[in-house]
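Welcome, and please take a moment to look over the model below before reading on. The paragraphs after it will walk you through some of its features.

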Amino acid sequence: MSTRSPTPVFLDTLRHVETPEGIELSLRVAGPVARVLAWSMDSLIRYGALWVLLMVLAMLGEGGMGLWLIALFLTEWFYPALFEVYAGGATPGKKALGLKVIHANGTPVDWPGALIRNLLRAVDFLPLLYGFGLVAMLCNRNFQRLGDLAAGTMVIYRDPAAAMPQLPPGRALPPPFPLNTAEQQLLIDFAERSTTLNPERQAELADLLARQTGLYGVAGVERLCAHARWLAGEPT
Amino acid sequence: MPLETIAAELRRRNAWEATDLGMVMVRQWLGSIYAAWFTVALPLFMLLHLVCWGHWWLAPWLMWWLKPLLDRPPLYILSYALFGDPPDRRQFWRALPGLLLRRQAFAALTWRRLDVARSFTLPVTQLEGLAGKVRRQRLRDLSYPSRGAAIWLTVVGLHLEIALDFALIALVWMLTPDFIALEFFDLLDDSSQWGQLWLNVVGFCGLSLVEPFYVAAGFTLYLNRRAWLEAWDLELGFRKMAARLAPAGRVAAGLAMLALGLGLLMIPLENFAAEAPSRSNPPPPAIEESLMNPLCEQRRVREVELAQAGSSIKQALAETLKEPELHVCQVQERWRWRDDNSTESPPRSPPDPRPGQWFAATIELLLWLAVGLFIAVAGWWLWRRTPRAFTRARQRAAQSGPRLVQGRNEITIPPDAGLGDTAWRLWTEGQPREALRLLYQGSLAGLAAQHGLPVRSSATEDDCLRLAVAQLANPELLGFLRRLTRAWQAIAYAHRIPDEADARSLCLEWPRHFAAAGALPA
């Protein structure tokens, strides 16, 4: 209660990875809530499938039970690893929640990584019901559980496919001031999202740049949208 | 609420990502959030046990019922800390009564207690201070789609809390030593008062672990929803943009254009590398690094070209490029830590090879010495351990002949012809045991010395007899040995004294068999 942090903090859930080509990737690491839900969904799928299998194999008597036990063993240990390696880093549950597993350096997860992180579930499960795994996840900057730490993997949110910006129609004007990439993106974002904001809020935002555009209110909004259209490549 | 001071990135996140931000926030301000939590929760926990004395099963249920109030202090800390103004102790204590008793505390504990999206609606009540119709309208505006995520958050939080309770119990059970006979299910037993108290403490720990995270995650869900609806990210971005563009107006814009121009000029450097620098322009000796670094070389060529170009703007550019701030070529030939910003170069004198060689030679010598020592030790060890060593020792002992005898004592009296008389004297003196020992030992010594019988120190009397039977062909001697051995065994092990007549005959016969050798070693 008494700690006034001397340096301003800036919290985020991104992990930045630089590729050998010098490109910086921002990966959105995924925390406990989404992962617990994904795990629950996977468990439902897994045990549902095993239950159906049990119904079928039970008709074969003892041999069928043996087969079922083998299936139980295989799904218990290899279901997540198999999907993580061959289905783009995501089990069905993870896919539903928009998650996927990658190496901490941003590369796709491979067999050793997937096997280690999934075999070590046994450790994360200790002392019971993923107690250690949860605490490790909450303590770790990248929400890695112990298996993730051992395998050098982490779980991130998949990026949705980028779509072309849908801007409200109108004329396009080049901006009178130079803009860096982030600012250009910001203007396009504004134009794109202006339809979801109420007019007062639109004007409020546009007024922040009134000194630069020289326009207030609705006119300012329209001007910023025109700049955005120009930046998005529409002809003047 | 000054948005510029917010201490978190206001990206547009999906709902799960928003909850993750809550986790990060708790981690950031862990100390103050947990201080606020325990300030209220711990006294309440104890108070409930006092109030429910004798009915401690009631305490956790009341604790659960009062959760909406417990959520408020952490949220208070979070909301201020997020905007760069973490409250100090005095502010917190002043705000506490209002947090716990007002702000629709009654409603929160009664008809809103079972609200499954509690964490999400709490900020609207506590931070925006809305009530009644306005609050309902506000919630309706905010709800979709974050309310669904908030409900899931409650479900997950509930399950995690229960899971952590079990994990804690299992941990205690695992760490209990074996000599305390404790079954896992003993730890779940709430039939006794103490069992109930133990379970309550476990439940309180689980609650304390999860609840602040739950509150923070709900808060960030709410923040994220507002950031979407009110375009907070756009507002922040526009403010920054305006601040950047504002101060010098056109001048700044001009400078930016210049920077852009410089940037564009830097791009063709790659092409210049392909053209190969023209030899007609000797490098200015001042730029030393250029000899080492191809990038610097390109840059130097570019500068020279610019300086020799006709147009004045290019010459101006060349001047600008010579400014120290733009002198980006730098060759570093030592490793340094990433955080180390010191730029002074280390002493660059070429290293003297001799110390290295000396060092290497010393190490090599030491290694060879170690190898020699190892071989010596290994050889000594082998020599010590092989059976050969034993056999040699045995041979040495065997060569000394008479020293190798049966019994505890070595022969103290030389086995000469008078041994029989000596033995008889001992017998008559009332020492039959000593007499027979003397006879027997003398016989063994005689066998070893005269007949070359390899009697081992480990051999029993019967072994000796068998050896004699195998090696000697004298039936008379063998008969004597048999009688002597039986007599000796009888007195030595059974304490049966032989007849005097037998003893007498043995003593008398002994010299006949062994004393023939005056060659017996003395």
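What follows is a short tour, from chain B as a whole to its helices, its surface and its salt bridges.

Keep in mind from the start that this is a predicted model. Chain B is a good place to begin: its 522 residues include 41% that count as buried. Its secondary structure consists of 22 helices and zero strands. Among contacts in chain B with a separation of 6 or more, 69% are between residues 24 or more positions apart. The accessible surface of this chain comes to about 30,700 Å², and carbon and sulfur atoms own 63% of that area.

Let us now follow one helix, α6 of chain B, which covers residues 89-101. With 13 residues at 1.5 Å each, α6(B) should span 18 Å, and its end C-alpha atoms are 19 Å apart, so the two values agree. Even so, α6(B) has a kink of about 35 degrees at A95(B), shortly before the proline P97(B). Which residues of α6(B) are buried? They are F92(B), L96(B) and L99(B). An α-helix has 3.6 residues a turn, so residues three or four places apart point the same way. The buried residues of α6(B) pack against three other helices of chain B, namely α2 (30-51), α5 (72-82) and α8 (118-126). After α6(B) comes R103(B), with a positive phi near 55 degrees.

A second helix to trace is α10 of chain B, running over residues 193-230. It has 38 residues and reaches 54 Å from its first C-alpha to its last, close to the 56 Å expected at 1.5 Å a residue. At V210(B) α10(B) bends by about 30 degrees, and the proline P212(B) follows within four residues. Just after this helix, A231(B) takes a positive phi of about 55 degrees, although A231(B) is not a glycine. A231(B) sits in the loop between α10 and α11 (232-245) of chain B. Is A231(B) buried or exposed? With a relative accessible area of 0%, A231(B) is buried, since the cut-off for a buried residue is under 20%.

Chain A has a loop worth a visit too, the one between α5 (121-125) and α6 (131-139), where P127(A) is found. A cis peptide bond joins L126(A) and P127(A), with omega at about -15 degrees. Y130(A) is in this loop between α5 and α6 of chain A as well, and its phi is positive, near 60 degrees, in a residue other than glycine.

L126(A) also leads us to the surface. Together with V123(A), F132(A), L146(A), L149(A), W173(B), M174(B) and L175(B), L126(A) makes a nonpolar surface patch of about 680 Å². At least two residues of the patch come from each of α7 (146-151) of chain A and α9 (132-175) of chain B. The largest share, three residues, is supplied by α9(B). One patch member in helix α9 of chain B is M174(B), which is partly exposed, with a relative accessible area of 41%.

Finally, turn to the charged side chains. Over all chains, the whole structure holds 32 salt bridges. One of them joins E17(B) and R28(A), with N to O at 2.7 Å. This pair crosses between chains, from helix α1 (residues 15-28) of chain B to strand β2 (residues 24-28) of chain A. Both partners are buried: E17(B) has a relative accessible area of 0% and R28(A) one of 13%. E17(B) and R28(A) also belong to a network of salt bridges that links them with D12(A), D159(A), R11(B) and R13(B).

Other salt bridges lie within chain B. The closest N and O atoms of D233(B) and R12(B) are 4.0 Å apart. D233(B) lies in helix α11 and R12(B) in the segment before α1, so this pair ties together parts of chain B that are 221 residues apart in sequence. D233(B) counts as buried at 17% relative accessibility, whereas R12(B) counts as partly exposed at 32%. Another salt bridge is formed by D115(B) and R147(B), whose closest N and O atoms are 3.6 Å apart. Here the pair ties together parts that are 32 residues apart in sequence, because D115(B) lies in the loop between α7 (105-109) and α8 of chain B and R147(B) in helix α9. D115(B) is buried at 19% relative accessible area, while R147(B) is partly exposed at 31%.

Terms used
Residues numbered from 1 in each chain as written. Chains lettered and ligands numbered in written order. Predicted model: local features only at pLDDT ≥ 70, side-chain atom pairs only at ≥ 80, totals over all residues. Heavy atoms only, no water. Expected span 1.5 Å × (residues − 1). Bend = angle between axes of the 7 residues up to and from the residue. Buried < 20%, exposed > 50% of the residue type's maximum accessible area, 1.4 Å probe, protein only. Contact = heavy atoms within 4.5 Å. Patch = residues over 30% accessible without salt bridge, like charges linked within 9 Å, V, L, I, M, F, W, Y side chains within 5 Å. Areas by Shrake-Rupley, 256 points an atom, 1.4 Å probe, with all protein chains shown as cover.
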